[in-house]
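The following exercises are to be worked with the sequence and the coordinates at hand. Each task is followed by a solution in steps.

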Amino acid sequence: MATPTDGISVDQPNDILNELKQFDDTKAGVKGLVDSGIEKIPAFFIQPQELLPKSSDIAPPTLQVPIIDLGAIHKDAGCYKQIVEELKQASDSWGFFQLVNHSVPKDLLDEVIQGVKEFHEGDKDVKEKLYSRDRVKKVRFASNLRLLSAANWRDTLTCVFDGSLDPSDIPPVCRDAIMKYREAILQVAETLYELLSAALGLPSDHLSGMNCAKTQLMVAHYYPPCPEPELTLGTSMHTDPSFVTFLLQDDLGGLQILHNGHWVNVAPIPGALVVNIGDLLQLVSNDKFKSIKHRVLASARGPRISVATFLNPSFDEKKLFGPIKELLSDTNPPLYKEFLVDDYIKAYISKGLTASALSPFKL
Ligand code: OGA
Ligand code: NI
């Protein structure tokens with residue numbers, strides 16, 4: 001039976017662990033702490049020195065992740081080819097890009113951000129009732145999806161669209177926006193999978209044929225303003241356990257990706273969707289595409305809202321996954337063994353947030 005403290009790791013001194021449990025039991029999240037007027041952050045939010053941002057590690061602001069403009073995708077074959085080429089470059093050398101003119105209306109994106117904000121700032125009882133880390137629940141709210149040894153300055157509403165989610169479980173303040181946004185993302189994903197297939201030199205229906213958008217895990221984050229942002233993080237460094245991730249962020253900024261040893265800020269572009277290659281696509285592409293480490297800084301400014309949608313195969317998919325056979329040759333041998341999605345998910349859950357979930361499958 002899952003308890004509210006599921007996922008709390010025990011490698012903390014007892015007093016800190018008690019404080020962490022007390023915080024979790026409030027079911028009010030980081031927002032609740034901030035509302036109580038704290039001026040110092042509790043000890044369990046303090047990150048180890050080596051994980052905190054250092055100004056010497058930050059790339060110059062002129063360095064930006066590539067922008068992929070889908071506006072001319074249907075214009076002619078030349079434009080299509082050009083987009084495929086840009087996408088190939090971006091997925092290989094950056095693992096991240098910002099998609100513009102993707103056809104999801106800006107009004108809908110704004111509506112999603114606003115709805116998520118209203119949920120997090122809304123009725124405390126609604127949030128308390130949803131507070132859970134029980135993976136059986138398809139709609140749930142918690143501060144930190146897993147409470148590891150140092151917590152992140154963030155609260156999250158999670159919706160798992162796996163075919164069994166009942167839309168009426170989504171809080172009314174953001175229900176319509178989230179349902180419309182999910183549909184819109186699935187449409188963009190269809191186009192993107194077609195382009196990524198072409199970028200891998202495969203027939204355009206190859207990736208969609210692998211059923212890699214069957215489950216959509218949507219995490220709607222709320223990063224409250226932090227009184228001591230230099231001591232903690234909004235989200236610790238990690239790679240995504242997905243095939244592809246779509247991220248909608250508001251205009252505050254704070255997302256950084258690790259590119260050639262330096263942290264690059266992903267500057268907000270109104271109306272854009274940030275897309276990144278997840279671990280599973282890195283694996284099936286046999287490392288042609290890269291799943292890149294990223295993190296979110298804590299900030300005195302806020303709240304910051306973002307919504308990440310992880311596209312994944314069905315968790316009970318019985319087919320084996322591994323490097324796509326058509327990509328392999330004598331000079332490009334498989335780098336990973338074949339595995340079941342379920343084994344991958346188990347490996348992901350048992351590791352800490354910052355470890356790589358790909359290593360158990362490396363050949
Ligand atoms: C995530 C993530 C980034 C953000 O949820 O995996 O990387 O900006 N989020 O919230
Ligand atoms: Ni991420």
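A polar contact is a pair of N or O atoms within 3.5 Å; within protein, one atom must be able to donate a hydrogen and the other to accept it. The model is predicted.

**Exercise 1. Determine where N276 lies, whether N276 is buried or exposed, and with which side chain N276 makes a polar contact.**

Step 1. N276 belongs to strand β10, which covers residues 273-277.

Step 2. Its relative accessibility is 2%. Buried means under 20%, so N276 counts as buried.

Step 3. The side chain of N276 makes a polar contact with the side chain of D240, at 3.1 Å.

Step 4. D240 also leads to the ligand: an N or O atom in the side chain of D240 is 3.2 Å from an oxygen atom of ligand 1.

**Exercise 2. Describe the surroundings of ligand 1 by residue, by element and by residue class.**

Step 1. Identify the neighbours. There are 13 residues around ligand 1, and those that come nearest are H221, Y223, H294, R304 and S306.

Step 2. List polar distances. An N or O atom in the side chain of Y223 is 2.7 Å from an oxygen atom of ligand 1. For R304, a polar side-chain atom lies 2.8 Å from an oxygen atom of the ligand.

Step 3. Assess the burial. Ligand 1 taken alone exposes 300 Å², and the protein buries 94% of that area.

Step 4. Assign the shell to elements. Two or more residues each come from β5, β11 (294-297) and β12 (304-312). The most are given by β12, with 4 residues.

Step 5. Classify the shell. Its residues divide into 7 nonpolar, 4 polar and 2 charged.

**Exercise 3. State which residues UniProt lists for the Fe2OG dioxygenase domain, and characterise that span in the model.**

Step 1. An unreviewed UniProt entry lists residues 214-313 as "domain: Fe2OG dioxygenase".

Step 2. In the model, this span is 6% helix and 48% strand.

Step 3. The C-alpha atoms at the two ends of residues 214-313 lie 5 Å apart.

**Exercise 4. Examine three of the salt bridges and locate their partners.**

Step 1. The structure holds 12 salt bridges. One of these joins E228 and K40, with the closest N and O atoms 3.2 Å apart.

Step 2. E228 is in the loop between β5 (215-223) and β6 (233-238), whereas K40 is in the loop between α2 (29-35) and β1 (67-69); the pair therefore ties together parts that are 188 residues apart in sequence.

Step 3. The partners are set against each other by accessibility: E228 is buried at 13%, while K40 is exposed at 60%.

Step 4. A salt bridge also forms between the side chains of K180 and E111, at 3.1 Å from N to O. This pair links distant parts of the chain, K180 in helix α6 (residues 172-199) and E111 in helix α4 (residues 106-120), 69 residues apart. Relative accessible area is 41% for K180, which is partly exposed; E111 is also partly exposed, at 33%.

Step 5. The side chains of K54 and D57 meet in a salt bridge at 3.9 Å, N to O. K54 is partly exposed at 43%, and D57 is partly exposed at 26%.

**Exercise 5. Which peptide bond is cis, and which residues other than glycine have a positive phi?**

Step 1. The peptide bond from G302 to P303 is cis, with omega near 5°. P303 is in the loop between β11 and β12.

Step 2. S103 has phi near 85°, a positive value in a residue other than glycine. It lies in the loop between β2 (96-100) and α4. Exposed means over 50% relative accessible area, so S103, at 64%, counts as exposed.

Step 3. N286 likewise has a positive phi, near 55°. Its place is the loop between α8 (279-284) and β11, and N286 counts as buried at 3%.

**Exercise 6. Relate sequence separation to C-alpha distance for the pairs L186 and Q216 and G254 and L17.**

Step 1. L186 is in helix α6 and is partly exposed, with a relative accessible area of 23%. L186 and Q216 are 30 residues apart in sequence, and their C-alpha atoms are 8.8 Å apart.

Step 2. G254 is in the loop between β7 (244-249) and β8 (255-259) and counts as buried at 16%. G254 and L17 are 237 residues apart in sequence and 28 Å apart from C-alpha to C-alpha.

Methods
Residues are numbered from 1 along each chain as its sequence is written. Chains are lettered from A and ligands numbered from 1 in the order in which they are written. This is a predicted model: local features need pLDDT of at least 70, side-chain atom pairs count only at pLDDT 80 or more; totals for chains, interfaces and linings use all residues. Side-chain values use heavy atoms; hydrogens and water are left out. A salt bridge is a side-chain nitrogen of Lys or Arg within 4 Å of a carboxyl oxygen of Asp or Glu. Buried means under 20% relative accessible area, exposed over 50%, partly exposed in between (1.4 Å probe, protein chains only). A residue is near a molecule or strand if one of its heavy atoms lies within 4 Å of it. Accessible areas come from the Shrake-Rupley method with a 1.4 Å probe; for residues, only the protein chains shown count as cover. Ala, Val, Leu, Ile, Met, Phe, Trp, Tyr, Cys and Pro count as nonpolar, Asp, Glu, Lys and Arg as charged, and the others, Gly among them, as polar. UniProt positions are given in the numbering used here, feature names are shortened, and annotations may be inferred rather than shown by experiment.
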